[in-house]
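This report covers a predicted model. Backbone details come before the contact between the chains.

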There are 2 protein chains.
Amino acid sequence: MSSPAALVGPAPPARSVRALRADRCFLVPVAFSGLDKEPVEIGGVEVVIENILNDDAGDKMEALKAKYPGLIAVDYTLPAAVNANAAFYVKHGVPFVMGTTGGDREKLLADAKDAKHFAVIAPQMGKQVVAFQAAMKTMADNFPGAFSGYTLSVTESHQSSKVDTSGTAKAIVESFNALGCGFDIADATLVRDVPTQLAPVPQGMGVPEEHLLGHAFHTYKLVSADGTVAFEFQHNVCGRSIYAEGTVDAALFLRDRVEAGAGEKTVYDMIDVLREGGMVTN
Amino acid sequence: MSSPAALVGPAPPARSVRALRADRCFLVPVAFSGLDKEPVEIGGVEVVIENILNDDAGDKMEALKAKYPGLIAVDYTLPAAVNANAAFYVKHGVPFVMGTTGGDREKLLADAKDAKHFAVIAPQMGKQVVAFQAAMKTMADNFPGAFSGYTLSVTESHQSSKVDTSGTAKAIVESFNALGCGFDIADATLVRDVPTQLAPVPQGMGVPEEHLLGHAFHTYKLVSADGTVAFEFQHNVCGRSIYAEGTVDAALFLRDRVEAGAGEKTVYDMIDVLREGGMVTN
C-alpha cells in the first residue's frame with residue numbers, strides 16, 4: 001500500500017470526513033480563501049482558512065508541499081477562479097482535483113495537458129451519477145433508435161435558487177434523444193417550489209425537509225406509443241456526501257497516477273476514476 | 001427497398017398486427033399446431049391453424065415456402081418443442097425467429113450454427129428491455145464496484161401463475177452485483193397477489209386491471225450507505241405488444257441478413273437486432 005495522500009481545500013471532503021479513507025489519505029488542516037475567515041472544525045480537526053490575498057499564496061503552498069508530501073489540492077471554489085487557480089497549481093506542481101464548473105473550460109484542459117500536469121477535472125463528482133450517465137450514453141451509442149416512438153418526460157428538483165435546467169439532465173436527455181425520444185429540453189419540468197418538493201411521491205418529489213437547500217432529484221420516464229410499456233430512471237441526491245466520496249476517490253486515483261509517473265495522459269475525468277473502480281481498496 | 005418478408009406462426013406478431021410494418025412484411029395466414037383448432041381472426045385476416053400431427057408438416061412447410069418467398073417462421077411454442085422445431089426449420093431451410101425458452105439451449109444454438117442456418121434466438125424479445133439489460137451489463141463491465149456500499153432492493157410483479165423470479169431480474173441483479181451491491185436474488189420481493197398488484201404506487205405496483213394476467217413489472221432501487229443517494233430503475237411491461245414489435249424487428253433484421261447472404265455469422269440475438277437499430281426503416 002502506498003503512502004497517504006494529503007488533501008487541501010475547503011471542499012466536500014472537508015465537510016464529509018466520513019468519506020476519507022483513513023488508511024490512504026488525510027485532510028491537511030489548511031484551506032485557501034480570498035477572505036478572512038474563522039477556522040472551521042471538521043471531524044474533530046481544526047482547519048485554518050488562509051487568506052491568500054494578504055500574503056504570497058505561492059509561499060504558503062510551497063510550505064504546505066514541504067510539510068505534506070503527496071499533497072493534492074481540491075478545488076470547489078468560484079467559477080471565476082477556475083483558470084487562475086489551475087495556473088497556480090500548475091506553477092507549483094500540485095496535482096489537483098477540480099469540481100468547480102465555469103471558466104474557460106478549453107483553456108483549463110489545454111493548460112493542464114500542455115504542462116503534463118496531474119489533474120482530475122469533472123463537472124460532476126458523484127461517481128454513481130457519472131456511471132449512470134455513461135451507461136445511458138453507451139446504450140445510445142450502441143442501440144440508436146431503440147426507444148423510437150417512446151415519449152420521454154423529465155422532472156428535476158433542485159434548491160429554489162437554481163434557475164436553469166441541470167447539466168446532468170441535459171446530458172442524459174441527449175442520450176435519450178439518440179435513442180429516439182425526440183425530447184425538447186425546454187419541456188423538462190423544473191420543480192423549485194417547496195410544497196411540491198416536500199410532498200411525497202407520486203404527488204410530489206419526496207425531498208427530505210433538511211435537504212431542501214441542497215438536493216438534486218431527477219426522474220426520466222419513457223412510455224411506449226401504445227402506453228403498454230414504461231421505463232423510469234431516477235437519481236436522487238441529498239446533500240454533498242456523494243460528491244465528497246467521489247472527490248476522495250478522484251484524489252486517491254490521482255495519487256496513484258502521480259506515483260506511477262507521467263505517461264501519455266495526466267489529465268483525467270470521473271470516467272477514468274470509475275474505470276479504475278475495481279482496483280480501489282475500499 | 002427489399003421485398004416483403006412473410007411470417008408464419010401463432011406468435012405475438014399475429015396478435016399485434018399493429019406492429020407489422022406493412023411496407024416491409026405481412027403475416028402469412030397460416031400457423032402450425034399439434035392440436036385441431038379453429039381459425040383465428042387477426043387484424044381482419046383469418047389465420048388457419050394447421051394441425052401438423054395429422055399430416056406431413058414438411059410438405060406443408062414446403063408448400064408455404066413456394067407460395068410465400070422470403071418466409072420467416074416465428075416460434076413461441078412450447079419449451080419441450082424447442083429442439084425439434086429448430087431441427088424442422090433447419091431441414092426445410094426456413095429462417096426462424098425463436099422467442100421460446102427452455103429446451104437444450106446449447107444444442108439449439110449449435111444445431112443452427114453448424115448448419116449455418118439463419119435465426120434470431122432470444123429469451124427476451126422486448127428490444128427496449130434488452131437494451132436496458134445490456135446497458136446495466138456494460139456499466140458493470142466498465143465500472144466494477146461503482147456502487148459499492150449501496151443497498152439494492154428488487155421488486156417484481158408478474159401474473160400470479162408465475163412462481164419463479166424473472167430471468168430478466170436475475171440477469172440485471174448480476175450486473176448490480178458486479179457494481180458492488182452484494183444482493184442475494186432470493187431476497188427479491190415477488191409480488192403475485194392481486195390487491196398489491198392493483199394498488200397504486202407507492203403502496204402497490206399500479207398494474208392496470210386488464211393486464212393482471214400478462215404483465216412484467218420490475219423495480220430496482222439502490223440506496224447509498226448513508227441514505228443520502230437513491231437510484232431507481234423501472235421497466236414495466238403490460239401485455240405483449242413490446243414482444244410483438246421486437247419480433248417483427250427481429251424478422252426484418254433476419255430477412256436483411258438472408259438477402260445479404262451467409263457470412264461468418266447466421267445466428268443472432270436481440271443485441272444484434274438492436275445494434276442495427278439506426279438502419280431499420282420505421
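Lys116(A) lies in the loop that runs between α4 (105-114) and β8 (119-121) of chain A. Although Lys116(A) is not a glycine, its phi is positive, at about 50°.

A second backbone detail concerns cis peptide bonds, listed here for chain A and chain B.

| Cis peptide bond | Omega | Place of the proline |
|---|---|---|
| Val201(A) to Pro202(A) | about 5° | loop between α7 and β11 (215-223) of chain A |
| Val201(B) to Pro202(B) | near 5° | loop between α7 (194-198) and β11 (215-223) of chain B |

Next come the charged pairs. Over all chains, the structure holds 24 salt bridges. One of the pairs is Arg192(A) with Glu156(A), whose closest N and O atoms are 2.8 Å apart. This pair links distant parts of the chain, with the two positions 36 residues apart in numbering. Arg192(A) belongs to the loop between β10 (189-191) and α7 (194-198) of chain A, while Glu156(A) is part of strand β9 (residues 151-158) of chain A.

How many salt bridges are there between chain A and chain B? The count between these chains is 0. Polar contacts, in turn, join 14 residue pairs between chain A and chain B, counting pairs with both residues at pLDDT 80 or more. On the side of chain A that touches chain B, the elements that supply two or more residues are α5 (127-142), β12 (229-238), α8 (241-260) and α9 (270-275) of chain A. Of these, α5(A) gives the largest share, 11 residues. By residue type, this side of chain A divides into 23 nonpolar, 12 polar and 6 charged residues.

The extent of the interface can be put in residues and in area. In chain A, 41 residues are in contact with 41 residues of chain B. The size of an interface is often given as the accessible area lost when the parts come together. Here the area buried between chain A and chain B is about 3300 Å². Carbon and sulfur atoms give 60% of that buried area.

Strand pairing also crosses from one chain to the other. β12(A) pairs with strand β12 (residues 229-238) of chain B in the antiparallel sense, over 9 bridges. Within this pairing, Glu232(A) stands opposite Gln234(B) in β12(B).

How is the arrangement of the copies described? Two copies of a chain are related by a rotation about an axis and a shift along it. A turn of 180° and a shift of 0.0 Å along the axis lay chain A on chain B with an RMSD of 0.0 Å. The two copies are therefore related as by a two-fold rotation axis. Which residue of chain A comes closest to the rotation axis? That residue is Phe233(A), whose C-alpha is at 2.4 Å from the axis.

The interface residues can also be compared between the chains. Of the interface residues of chain A, 100% are interface residues in chain B as well, so the copies meet through the same surface.

Technical notes: Residues are numbered from 1 along each chain as its sequence is written. Chains are lettered from A and ligands numbered from 1 in the order in which they are written. This is a predicted model: local features need pLDDT of at least 70, side-chain atom pairs count only at pLDDT 80 or more; totals for chains, interfaces and linings use all residues. Side-chain values use heavy atoms; hydrogens and water are left out. Contact means heavy atoms within 4.5 Å. Buried area is the accessible area (1.4 Å probe) that two parts lose on being put together, summed over both. A salt bridge is a side-chain nitrogen of Lys or Arg within 4 Å of a carboxyl oxygen of Asp or Glu. A polar contact is a pair of N or O atoms within 3.5 Å; within protein, one must be able to donate a hydrogen and the other to accept it, and residues adjacent in sequence count only if both atoms are side-chain atoms. Helices (H or I, at least four residues) and strands (E, at least two) are DSSP runs, numbered from the N terminus. Ala, Val, Leu, Ile, Met, Phe, Trp, Tyr, Cys and Pro count as nonpolar, Asp, Glu, Lys and Arg as charged, and the others, Gly among them, as polar. Two strands pair if DSSP finds at least two bridges between them. Copies are superposed by least squares on the C-alpha atoms of residues with pLDDT of at least 70 in both.
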